[in-house]
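Trainee: I would like to learn how to read a model like this, feature by feature. Where should we begin?

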Amino acid sequence: MDLGGLLLSPRLWFFVLMLAASGGILLTVVWFERKAAARVQMRVGPYHVSPQLGGYLQLLADALKFLSSEPIVPRGAHKTLFTLGPAIFTTLAFGASLLLPLTPSLKLIKDNSLLQYGLLFSIVILLLVSIAVVVIGWAANNKFAYVGAAREALLVAAYELPLLLSILAMAILYGTLDPIQIVEKQTFVVGALLNPLAFLVFIIAVAMATARFPFEIADYEGDVATGPYSDYGGVYLVLSFAGGTYYATFSYSLLASLVFLGGWAIPGYSAGPWPQDMFGHLLLAAWVLAKTGLVMFFYAFLRAAMPVLRLDHTLVLGWRGLFALGLAAVAWSAVLRLLGIP
């Protein structure tokens, strides 16, 4: 492939877009999360770094501070898992998003017939993220990390099945797991309106999976310091507690924008072939990423508005409430399918 072909490669543009957009969205969401929580608690929040921008660059300053700190492995910790665990965590959390398309042309998987497997593998990888969190907690050799890891393992049992049921409901509704076909079927009515039960189950299950409020139980500072991330500092903390959890939220939010919120679909508009209509594809990708950011802003706002639930109450909610709602969502999709909707 010559240089011109390489520069116009949709895979290259997809990868660059995902890196830049995910970084920009995460920076903005974390700033918003801190500011919203501070406003509710009658504090100023981030301010001293870039006060003209309302402290927008505070996260970069914090990241630079941690990255320049000496990485310390506590005595008694499993050195290999302690040092590699955070990197594996972040890789899994962000890698899951790379298997999903931004537009029919901007995607990493070139063969359209394999896209349905890409969506499935994306979900599987996201579920593996929780295992990485448990491993990180176990490797630290810290009692707070052990308790946090045990809580994370219990939470997996509470949200995993409802999360899969919500995806199954949408697969039955659309009759496919191909994300391009799923988006095309949401051109006029998005999946969240067709099956609001599945959307509700997905949103709550993802909040559990990513330790968003009110389910910040495994790493709630008031109970267990930072849970599985206790004793992690410097670059290890950036990759795990600060990076991996937010990248997992980004991947889940991108999945939600494709399956429930219509993805890149805009009624009456479709992009031409790549690269002749490059602007059109970039516009559709921006539309998908805007929806992804909107979902992340919702989760960020919960921190300022919601208390933290008890572990036993959360498990009851997952095993009884969410599971029953997930089954109802599957049944509702089957009914719509029999009626020929959509």
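Mentor: Begin with burial: a residue is buried under 20% relative accessible area, exposed over 50% and partly exposed in between, using a 1.4 Å probe and protein chains only. Of the 342 residues of the protein chain, 49% count as buried. This is a predicted model, in which local features need pLDDT of at least 70 and side-chain atom pairs count only at pLDDT 80 or more, while totals for chains, interfaces and linings use all residues. Residues are numbered from 1 along each chain as its sequence is written, and side-chain values use heavy atoms, with hydrogens and water left out.

Trainee: What is the mean pLDDT of the protein chain?

Mentor: pLDDT is the predictor's confidence in each residue, from 0 to 100. Where it is low, the predicted coordinates should not be read in detail. Here the mean is 90, and 100% of the residues reach 70 or more.

Trainee: Which elements have the lowest and the highest mean pLDDT?

Mentor: Elements are DSSP runs numbered from the N terminus: helices are H or I of at least four residues, strands are E of at least two. Helix H1 (residues 3–7) has the lowest mean, 77, and helix H8 (residues 191–194) the highest, 96.

Trainee: How many helices and strands are there in the protein chain?

Mentor: The count is 13 helices and zero strands. With a radius of gyration of 20 Å, close to the 20 Å that the globule rule gives for 342 residues, the chain is as compact as a globular protein of that length. That radius is taken over C-alpha atoms, and the rule is 2.2 Å times the number of residues to the power 0.38. Along the principal axes, the C-alpha atoms fill a box of roughly 55 × 55 × 45 Å.

Trainee: What do contacts add, for the chain and for Ser97?

Mentor: A contact means heavy atoms within 4.5 Å. Among contacts between residues at least 6 apart in sequence, 80% join residues at least 24 apart. Ser97 is found in the loop between helix H4 (79–95) and helix H5 (115–139). Its relative accessible area is 0%, so Ser97 is buried. Leaving aside neighbours within four places in sequence, Ser97 is in contact with Phe14, Met18, Phe250, Ser251 and Leu254.

Trainee: Is Lys107 buried or exposed?

Mentor: Lys107 is buried because its relative accessible area is 9%. Lys107 also lies in the loop between H4 and H5. Not counting residues up to four places away in sequence, Lys107 touches Arg11, Phe14, Pro101, Asn112 and Leu115.

Trainee: Which residues are joined by cis peptide bonds?

Mentor: Most residues other than glycine have a negative phi, and most peptide bonds are trans. A cis bond joins Phe213 and Pro214, with omega about 5°; Pro214 lies in the loop between H9 and helix H10 (221–224). Another cis bond, also with omega about 5°, joins Trp274 and Pro275. Pro275 is in the loop between helix H11 (234–259) and helix H12 (278–305).

Trainee: What is phi in Met42 and in Ser50?

Mentor: Met42 has a phi near 60°, and Ser50 has a positive phi of about 55° although it is not a glycine. Met42 is found in the loop between helix H2 (10–40) and helix H3 (58–67), and Ser50 is in the loop between H2 and H3. Met42 is exposed, with a relative accessible area of 79%, whereas Ser50 counts as buried at 14%.
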